[in-house]
Amino acid sequence: MALISLEDLEGLDDEQLDDDITDNPEPMEEDDRLLRHWQAVASTHQVSVPPEMTGPILEMTRNSQQKEQVPFTPVSRHEKMGEVQYEERVYPAGNWACVTQGEELYEQSISMAFMKLMRFICKDNSAGRYLGMTVPVVSHILMMEDGKTFQKDVQTAYFLPTEYQSNPPLPSDPDITIVHQEPIRIVARPFFGTTTEETVTRQIEQLWEIVGVSDDLRRDSYMVAVYDNPGAPSRRNEIWFVRR
């Protein structure tokens, strides 16, 4: 099954897309190709991408190289034999656009939520314009009482760009809410690849082995930060532990 790569997206800049539309007697072919790529990616998470996502997909593709980093203050960095074990950071208060989904699988929840956020970012907002992409997009996982099983409801959040922090645009989708989050201090460990419940669970276990027992870190919730496009074959992610 074909997967769209980060190189596919970043290689399709505005000039190339415009040339395709000008030179190609069937301008919808390029749009269809991108949609099919995203549908192939989503199918690995057992999610369908409807045709009406073509516009947001094209908009995100055009702007794939322009990403604003969510601001943070570094606290410490821990390495072993040149490899980063984990970092500690403080993220300031700020406004996030949040969606909570409760699908059967964790990966379905984050996929459905991100499609809603894509539409919000790509003009489905009171400003009526493309807002700009920020990274990472963060998903907040709550644990069942056994401490091992994910609760169904997962909140996925997009940090509003600096331009809109003081006056956030309103979402058209009632499932999206603008939430002012207080400062948060986290322990972050990088990992690469897909973010399924299985892979995230494995990363949680590995980070606990590294940091050891600590009453200062929460065990009832975790966060997953995603930096790259969902179709990137080795996309960059982080597992976040939250300090109390």
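The paragraphs below follow helix H5 through this predicted model, from its own geometry to its packing and the nonpolar cores.

Helix H5 covers residues 106–121, and its length can be checked against a simple expectation: at 1.5 Å a residue its 16 residues should span 22 Å, and its end C-alpha atoms are indeed 22 Å apart, which agrees. Because 14 of these 16 residues are buried, H5 is largely enclosed by the rest of the structure. Just after the helix, lysine 123 adopts a positive phi of about 85°.

One of the elements that H5 packs against is helix H4, residues 54–62, whose axis comes within 9 Å of that of H5 and crosses it at roughly 70°. Since angles of 65 to 115 degrees count as roughly perpendicular, the two helices are therefore roughly perpendicular to each other. At this crossing, Pro56, Ile57 and Met60 of H4 meet Phe114, Met118, Arg119 and Ile121 of H5, a contact made up of six nonpolar residues, one charged residue and no polar ones.

The nonpolar character of the crossing leads on to the cores. In soluble globular proteins, nonpolar side chains tend to be buried together. Here the largest nonpolar core has 28 residues, and Ile57, Met60, Phe120 and Tyr158 are those with the most contacts inside it. Helix H3 (28–43), H4, strand S4 (94–101) and H5 each give two or more residues to this core, with the largest share, seven residues, coming from H5. Leaving aside residues up to four places away in sequence, methionine 60 touches Phe114, Met118, Ile121, Cys122, Tyr130 and Met133. Apart from this core lies another, of 19 residues, including Ile110, Met143, Phe150 and Tyr222.

Definitions and conventions: Residues are numbered from 1 along each chain as its sequence is written. This is a predicted model: local features need pLDDT of at least 70, side-chain atom pairs count only at pLDDT 80 or more; totals for chains, interfaces and linings use all residues. Side-chain values use heavy atoms; hydrogens and water are left out. Axes are lines fitted to C-alpha atoms, for helices over the stretch in contact, and angles run from 0 to 180 degrees between N-to-C directions. Helices (H or I, at least four residues) and strands (E, at least two) are DSSP runs, numbered from the N terminus. Angles under 35 degrees count as roughly parallel, over 145 as roughly antiparallel, 65 to 115 as roughly perpendicular and the rest as oblique. Contact means heavy atoms within 4.5 Å. Ala, Val, Leu, Ile, Met, Phe, Trp, Tyr, Cys and Pro count as nonpolar, Asp, Glu, Lys and Arg as charged, and the others, Gly among them, as polar. A nonpolar core is a set of buried Ala, Val, Leu, Ile, Met, Phe, Trp, Tyr and Cys residues joined through side-chain atoms within 4.5 Å. Buried means under 20% relative accessible area, exposed over 50%, partly exposed in between (1.4 Å probe, protein chains only). The expected span of a helix is 1.5 Å times one less than its number of residues.
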